[in-house]
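Morning, everyone. Let me put the model up, and then we'll walk through it piece by piece.

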Amino acid sequence: MSTYDGTFWDNSLWYPPGDHMSWEQFEDADTNQGIKLARPKDLFNCVYYIGFILIFRLFYEKFIGRPLAKYFLGRKSQRKLPAECQPLELLYLTNKSTPNLTSSVFINFYQQNLKDFKKAGLTNNRKISNWYKRRRNLERPDLVKKFSETSYRFIWYVFLWFWSVYALYDKPWLYDTLQCWIGFPYQELDFEIYFLYMIQLSFYCTLALSIMTDIKRKDFNEQIIHHFATITLLSFSYMANFYRVGSLVLIINPFEV
């Protein structure tokens, strides 16, 4: 009998039956034999990493990402504002699509507000259509934000992959996958693998936290599922001490995990 039977940590839910693997073995290795193993409480350390990554992102986007975007994009990063026309602005807020400019309804509207239209220089249908295009563009994410956000992620992905290489290049299980299980569960966890898990997990936690304020893409729902699935897999593989297999996944597919 195990003290974990019937709970969320039941050994039968976490380890293959018949292999005599249990949480008690990990506790014995950690407390009595002095072997450094992954422990569930280690995941609380992600709070500090998450804070650091969020601060780094704010610093990067303000002082590096946006200035770089303006430098490389130049005039492309600047959107021309539509002429100020209060009646047309109110009409736009009711329906953001370009109206039928030749309809009697719009012609009457135009005549009633002729003074405001002339003041804004909107004297023909072409100029009014251009006004609608520019007005709609104001509500779309600008190129500066897109560049800053994409470059930020690119830097992190590159860093995470290089750290994966650094952490694993001298590990025997990188070249022989059977080493993932030899000696399990008494496998020493070194700092490089620990940090790889912490920084990967924290990075995807920050993506999940900022997904509502980031540029909304067409695969928004898929991104939410992807982030939470990644966080779940990383967390549970670490808690169950399957970090050797997990580290191989992280180095094989660093940009999609």
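Start with phenylalanine 59. Its relative accessible area is 45%, so it counts as partly exposed. This is a predicted model, so take every value as computed. Phenylalanine 59 sits in helix α3, which covers residues 46-73. What does Phe59 make together with Phe63, Ile64, Leu68, Tyr71 and Phe72? These six residues make a nonpolar surface patch of about 660 Å².

Stay on helix α3 for a moment. Proline 67 is in that helix too. Proline 67 is partly exposed, at 39% relative accessible area. Now look across to valine 144. Along the sequence, proline 67 and valine 144 are 77 residues apart. In space, their C-alpha atoms are 8.5 Å apart.

Next, the salt bridges. How many does the structure hold? There are 9. I'll take three of the pairs.

Pair one is in helix α3 again. Glutamate 61 and arginine 57 meet through their side chains, with 2.9 Å from N to O. Why about one helical turn between them? Because glutamate 61 and arginine 57 are 4 residues apart in helix α3. Are glutamate 61 and arginine 57 buried or exposed? Both are buried.

Pair two is in helix α8, residues 143-168. Here arginine 153 and glutamate 149 form a salt bridge, at 3.8 Å from N to O. Again the two partners are 4 residues apart in their helix, so about one helical turn separates arginine 153 from glutamate 149. Arginine 153 is buried, and glutamate 149 is buried as well. Now put the bridges together. Arg57, Glu61, Glu149, Arg153 and Asp214 are joined into one network by salt bridges that share partners.

Pair three is aspartate 42 with arginine 39. Their side chains form a salt bridge at 3.9 Å, N to O. What is the relative accessible area of each partner? Aspartate 42 is at 5%, so it is buried. Arginine 39 is at 28%, so it is partly exposed.

Hold on to two names from the network, Arg153 and Asp214. Both of them come back in the cavity. The structure holds 1 cavity of 30 Å³ or more. The space inside the largest cavity is about 30 Å³. Which residues line the largest cavity? Arg153, Ile211, Asp214, Ile215, Lys216, Arg217, Phe220 and Gln223 do. By class, that lining has 4 charged residues, 3 nonpolar and 1 polar.

Now the pocket. The largest pocket has a volume of about 270 Å³. Its lining takes in Tyr4, Trp9, Trp23, Phe26, Glu27, Asp30, Thr31, Leu37, Ala38, Arg39, Pro40 and Asn241. How does that lining divide by class? It has 7 nonpolar, 3 charged and 2 polar residues. Note Arg39 among the lining residues. That is the arginine we just saw in a salt bridge with aspartate 42.

The other lining residue to stop at is asparagine 241. Asparagine 241 is in the loop between α10 (220-239) and α11 (243-252). Its phi is near 65°, a positive value in a residue other than glycine. Is asparagine 241 buried or exposed? At a relative accessible area of 2%, asparagine 241 is buried.

Two more buried positions, and then I'm done.

Tyrosine 15 lies in another loop, the one between α1 (11-14) and α2 (23-31). Its relative accessible area is 4%, so tyrosine 15 counts as buried. Where is asparagine 45 relative to tyrosine 15? Asparagine 45 is 30 residues from tyrosine 15 along the chain, and their C-alpha atoms are separated by 25 Å.

Last one, back in helix α8: alanine 167. Alanine 167 has a relative accessibility of 0%, so it counts as buried. Its partner for the distance check is isoleucine 252. Alanine 167 and isoleucine 252 are 85 residues apart in sequence. C-alpha to C-alpha, they are 13 Å apart in space.

That's the tour. Questions, please.

Note on methods:
Residues are numbered from 1 along each chain as its sequence is written. This is a predicted model: local features need pLDDT of at least 70, side-chain atom pairs count only at pLDDT 80 or more; totals for chains, interfaces and linings use all residues. Side-chain values use heavy atoms; hydrogens and water are left out. On a 1 Å grid over the protein atoms alone, a cavity is a set of points where a 1.4 Å probe fits but cannot get out, and a pocket is an open set with protein on both sides within 12 Å along at least five of seven lines; lining residues have an atom within 4 Å of a point. Grid points are joined across faces, edges and corners, and a volume is the space filled by probe spheres set on the points. Ala, Val, Leu, Ile, Met, Phe, Trp, Tyr, Cys and Pro count as nonpolar, Asp, Glu, Lys and Arg as charged, and the others, Gly among them, as polar. Patches are made of residues with over 30% relative accessible area and no salt bridge: like charges are joined within 9 Å, nonpolar side chains (Val, Leu, Ile, Met, Phe, Trp, Tyr) within 5 Å. Accessible areas come from the Shrake-Rupley method with a 1.4 Å probe; for residues, only the protein chains shown count as cover. A salt bridge is a side-chain nitrogen of Lys or Arg within 4 Å of a carboxyl oxygen of Asp or Glu. Buried means under 20% relative accessible area, exposed over 50%, partly exposed in between (1.4 Å probe, protein chains only).
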